[in-house]
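The following exercises ask for an interpretation of one structure. Each task is followed by a solution in steps.

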Amino acid sequence: MNEKIYRTMSGTGACALAVGIVTLAVGAAAGVLMIVSGVRLLKRKSDILI
């Protein structure tokens, strides 16, 4: 009985860890893309404003 509980908990922990790593990677990539697009807007600020 205890072995089944241990397997279930370890599988759940591994899944949560994997989802956390993927979420961290996607968040970092989204942050970098937002910074790059912001820099592009700042560079062309004089062209945008009339």
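**Exercise 1. State how much area the protein exposes and what share of it carbon and sulfur atoms supply.**

Solution. The model is a predicted one. Its protein exposes about 4800 Å². Of this area, 73% is supplied by carbon and sulfur atoms. For burial, the cut-off is a relative accessible area under 20%. With 50 residues in the protein, 0% count as buried.

**Exercise 2. Determine why the protein is described as more spread out than a compact globule.**

Solution. Begin with the secondary structure: the protein has two helices and zero strands. Next, compare the radius of gyration with the globule rule: the value is 22 Å, well over the 10 Å that the rule gives for 50 residues, so the protein is more spread out than a compact globule. The extents of the C-alpha trace along the principal axes can then be added; they are about 75 × 10 × 5 Å.

**Exercise 3. Compare the span of helix α1 with its expected span, and state how many of its residues are buried.**

Solution. Helix α1 comprises residues 2-43. From the first C-alpha to the last, its 42 residues reach 62 Å, close to the 62 Å expected at 1.5 Å a residue. The count of buried residues in α1 is zero, and the helix is hardly covered.

A pair of positions illustrates separation along the chain and in space. Tyr6, which lies in α1, is 42 residues from Ile48 in sequence, and their C-alpha atoms are 60 Å apart. Tyr6 is itself exposed, at a relative accessible area of 61%.

**Exercise 4. Which residue forms a salt bridge with Glu3, and what is the distance between the closest N and O atoms?**

Solution. A search of the whole structure yields one salt bridge. The partner of Glu3 is Arg7, with the closest N and O atoms 3.9 Å apart. This distance can be checked against the criterion, which requires the nitrogen to be within 4 Å of the carboxyl oxygen. In sequence, Glu3 and Arg7 are four residues apart in helix α1, a separation of about one helical turn. In general, an α-helix has 3.6 residues a turn, so residues three or four places apart point the same way. Both partners, Glu3 and Arg7, are exposed.

**Exercise 5. Which residues make the nonpolar surface patch of about 380 Å²?**

Solution. The patch is made by Met1, Ile5 and Met9. Of these residues, Met1 is placed in the segment before α1. Met1 has a relative accessible area of 77% and is therefore exposed.

Terms used:
Residues are numbered from 1 along each chain as its sequence is written. This is a predicted model: local features need pLDDT of at least 70, side-chain atom pairs count only at pLDDT 80 or more; totals for chains, interfaces and linings use all residues. Side-chain values use heavy atoms; hydrogens and water are left out. The radius of gyration is taken over C-alpha atoms; the globule rule is 2.2 Å times the number of residues to the power 0.38. Buried means under 20% relative accessible area, exposed over 50%, partly exposed in between (1.4 Å probe, protein chains only). Accessible areas come from the Shrake-Rupley method with a 1.4 Å probe; for residues, only the protein chains shown count as cover. Patches are made of residues with over 30% relative accessible area and no salt bridge: like charges are joined within 9 Å, nonpolar side chains (Val, Leu, Ile, Met, Phe, Trp, Tyr) within 5 Å. A salt bridge is a side-chain nitrogen of Lys or Arg within 4 Å of a carboxyl oxygen of Asp or Glu. The expected span of a helix is 1.5 Å times one less than its number of residues.
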